[in-house]
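Biologist: Hey, got a minute to walk me through this one? Start wherever you like.

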Amino acid sequence: MVFYIGNYMNKTFSALYASAVPQLFSTFATKKHREMFRLVHVLVLSLFGVAVSMQLNAATTGAIHGSNGMVASRSMIASRAGVEVMKAGGNAIDGAVATAFALAVTHPSAGNLGGGGLMVIRLANGNIVTNDHREKAPAAAHRDMYLDAQGDVVKGLSTDTHLATGVPGSVAGLLDVLDAHGDLEREKVLAPAIALARDGFPLSFDLAAAFKRRLEAFSKHPATFKKFTRDNGTPLQEGDVWKQPDLAKTLVRIAEQGRDGFYKGKTADLLVAEMKANNGIITHQDLVDYQSVWREPVHGTYRGHDIYGMAPPSSGGVLVVQMLNMLEPYDIGAAGFGSASNVHKMIEAERRAYADRARHLGDPDYYEVPMAMLASKDYAKKRFADFNPARANRSTEIDPGNFDKESMETTHLSSMDIAGNMVAYTTTLNLSYGIKMIATGTGFLLNNEMDDFSSKPNTPNSFGLIGGEANAIQPGKRMLSSMSPTIVTKDGKPLLVTGSPGGSTIITTVFQVIVNVIDHAMNVADAVAAPRFHHQWQPDRVIYENRGLSPDTVRILQDKGHQQMSAWVFGGGIGDANSIMYVGEELQGKSDPRNDGGAAGF
Ligand code: DON
């Protein structure tokens with residue numbers, strides 16, 4: 001009975017309150033005023049008992065429900081860190097940044113200080129901004145740096161050595177975002193990550209097993225081996241409290257000194273010393289020169305919804321818009337989820353969009369990307385004009401790139417608050433644990449993002465992706481990314497925050513989550529859990545999750561000429577789309593059931 005009354009009051013009050021808060025919130029111009037308003041806001045919510053148990057509602061959708069704030073990420077501990085700072089008066093931006101720093105501690109294969117990320121933010125006043133803190137090629141990088149005397153790519157150079165590391169961007173970007181749009185002080189936002197690194201946290205089965213699988217790789221670098229094993233060199237076990245003292249010290253330097261705690265001083269000295277000792281090329285100057293960039297978002301529309309994504313050097317934002325544009329003339333909802341006719345159309349849209357990726361996309365500061373053309377409805381219409389409902393098109397023949405089953409690690413987090421702030425953030429070291437070596441003394445792993453450049457025209461990278469001039473290596477250039485943090489709104493109101501890891505499959509994952517929500521009216525839990533498939537133009541094959549397509553759908557698709565269909569047989573599946581939806585007056589969060597993450601709300 002108490003539950004019913006509480007729930008009724010919660011819903012009625014929240015509805016009134018939620019409609020007023022975004023307008024009120026946007027009228028406060030300064031950070032101090034916003035912070036004061038937020039504290040009052042939290043107090044009001046508490047007084048009226050609106051901060052209601054997630055468990056009560058969880059049964060209704062399979063999602064976690066919240067009335068004030070929500071984070072969904074690959075690590076429940078990190079999501080809770082985000083919620084902790086939101087409860088202390090932070091907004092969704094504070095929550096996202098706290099979660100991102102915590103992920104560097106609790107999800108080290110992808111959460112990072114030594115990598116980069118792309119963030120799309122909707123502010124409570126409706127403005128959309130994006131921050132690009134993608135890594136950059138060091139000044140000493142050059143076009144043919146991974147080729148041998150015969151002009152062939154030297155295997156492993158762009159993935160397993162210190163030469164593979166791009167100048168890290170995460171710390172600069174996260175601090176810039178916090179400074180511009182957070183409500184809390186840096187020290188408060190970094191505090192949970194520092195505590196987790198300093199005091200440790202009990203290892204999950206998942207994490208202990210992941211470390212064990214990589215022991216051989218870690219053992220090649222003494223400081224890395226030490227970090228990922230017990231003091232006596234034996235493997236860490238589930239339940240061991242894992243402490244990372246060097247990482248804690250690096251985080252403290254960042255909390256105390258801001259970007260100088262990373263790009264200058266002790267952290268920078270340790271990083272540059274690590275490079276010098278191992279034929280790496282990142283210098284002090286590269287670090288000092290690194291800046292994050294605020295970019296205009298990519299904007300598209302789909303059946304009356306607004307889609308906001310990341311502009312290049314992400315290829316994801318524009319490809320998602322392109323594929324949705326190609327789909328829009330068709331009644332996808334009526335054909336039904338998983339129907340052969342829908343899957344056929346979506347594969348053909350994916351094939352065309354990825355072909356354009358290889359040709360046209362790269363760092364816009366170095367290469368003129370025809371953005372307006374690619375994102376336009378007119379172009380999509382022309383591009384899809386040769387679509388044949390009865391037959392699959394063929395991609396040009398090319399060496400099929402192999403998907404590396406160890407590589408499925410980037411990470412996406414979504415964060416939202418009831419005032420209408422939304423954050424979609426994807427961050428990475430590129431392959432799992434980057435080069436699998438830390439910068440000695442810093443506690444953080446080094447990325448191998450340089451592999452996202454096109455080392456040689458038409459030669460596939462670790463994700464089987466090819467490229468050419470647009471994505472060739474140049475000093476200071478950002479490598480092309482598939483990361484696709486995305487925000488969807490309807491009639492100016494928040495609807496969905498989504499994104500995913502998965503290399504080249506990121507873009508198709510995000511595309512399919514959006515179609516699930518808009519065309520198939522799925523709730524967030526179903527949209528995220530629904531099986532996925534993927535085509536990337538070249539290699540010319542469809543991959544799909546085990547049991548993701550019914551045998552008769554597969555047969556129909558094969559009859560149309562999709563000959564190289566194969567089930568995705570390893571890992572947790574395609575993507576890890578930790579997402580949040582705003583439904584009525586509440587936030588619904590879902591961490592992807594393919595992995596061991598968690599959504600937390602209050
Ligand atoms: O930016 C990119 O496209 C890649 N570095 C992403 C790598 C990735 O998603 C790895 N796996 N999940």
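Modeller: Sure, let's start in a loop: Asn 430 lies between strand 11 (422–428) and strand 12 (486–490). Keep in mind that this is a predicted model.

Biologist: OK, what's the phi of Asn 430?

Modeller: Asn 430 has a positive phi, about 80°, even though this residue isn't a glycine. As background, most residues other than glycine have a negative phi.

Biologist: Noted. Backbone oddities, then: which peptide bonds are cis?

Modeller: I can give you two. One joins Pro 312 and Pro 313, with omega at about 20°. The other runs from Gln 538 to Pro 539, and there omega is near -5°. In general, most peptide bonds are trans.

Biologist: And where is Pro 313 found?

Modeller: Pro 313 is in the loop that links strand 9 (305–309) and helix 16 (316–327). Pro 539 also sits in a loop, the one between strand 14 and strand 15.

Biologist: Let's stay with those strands. What kind of sheet do they form, open or closed?

Modeller: An open one, made of 3 strands in the order 14-15-16, with mixed pairing. Strand 14 (533–534) and strand 16 (565–568) are the edges, each pairing on one side only.

Biologist: How do strand 14 and strand 15 run, parallel or antiparallel?

Modeller: Antiparallel, with 2 bridges joining strand 14 to strand 15, which covers residues 542–545. Across that pair, Phe 533 stands opposite Tyr 544 of strand 15.

Biologist: Switching to the ligand. How many residues surround it?

Modeller: There are 17 around the ligand, and the closest are Thr 410, Glu 449, Asp 452, Ser 481 and Gly 503. By type, the shell splits into 5 nonpolar, 8 polar and 4 charged residues.

Biologist: Which atoms of Ser 481 and Gly 503 lie 2.6 Å from a ligand oxygen?

Modeller: For Ser 481, a polar side-chain atom lies 2.6 Å from an oxygen atom of the ligand. For Gly 503, a backbone N or O atom lies 2.6 Å from a ligand oxygen atom.

Biologist: What about Arg 134, how far is its polar side-chain atom from a ligand oxygen?

Modeller: That one comes out at 3.0 Å.

Biologist: So how much of the ligand does the protein bury?

Modeller: Taken alone, the ligand exposes 340 Å², and the protein buries 99% of that.

Biologist: And which cavity does the ligand take up?

Modeller: The space taken by the ligand is the second largest cavity.

Note on methods
Residues numbered from 1 in each chain as written. Predicted model: local features only at pLDDT ≥ 70, side-chain atom pairs only at ≥ 80, totals over all residues. Heavy atoms only, no water. Near = heavy atom within 4 Å. Polar contact = N/O pair within 3.5 Å; in protein donor to acceptor, adjacent residues only side chain to side chain. Areas by Shrake-Rupley, 256 points an atom, 1.4 Å probe, with all protein chains shown as cover. 1 Å grid on protein atoms, 1.4 Å probe; cavity = no way out; pocket = protein on both sides within 12 Å on 5 of 7 lines; lining within 4 Å. Sits in = over half its atoms within 2 Å of the grid points. Nonpolar A, V, L, I, M, F, W, Y, C, P; charged D, E, K, R; others polar. Pairing = 2+ DSSP bridges. Helix = DSSP H or I, 4+ residues; strand = E, 2+ residues; numbered from the N terminus.
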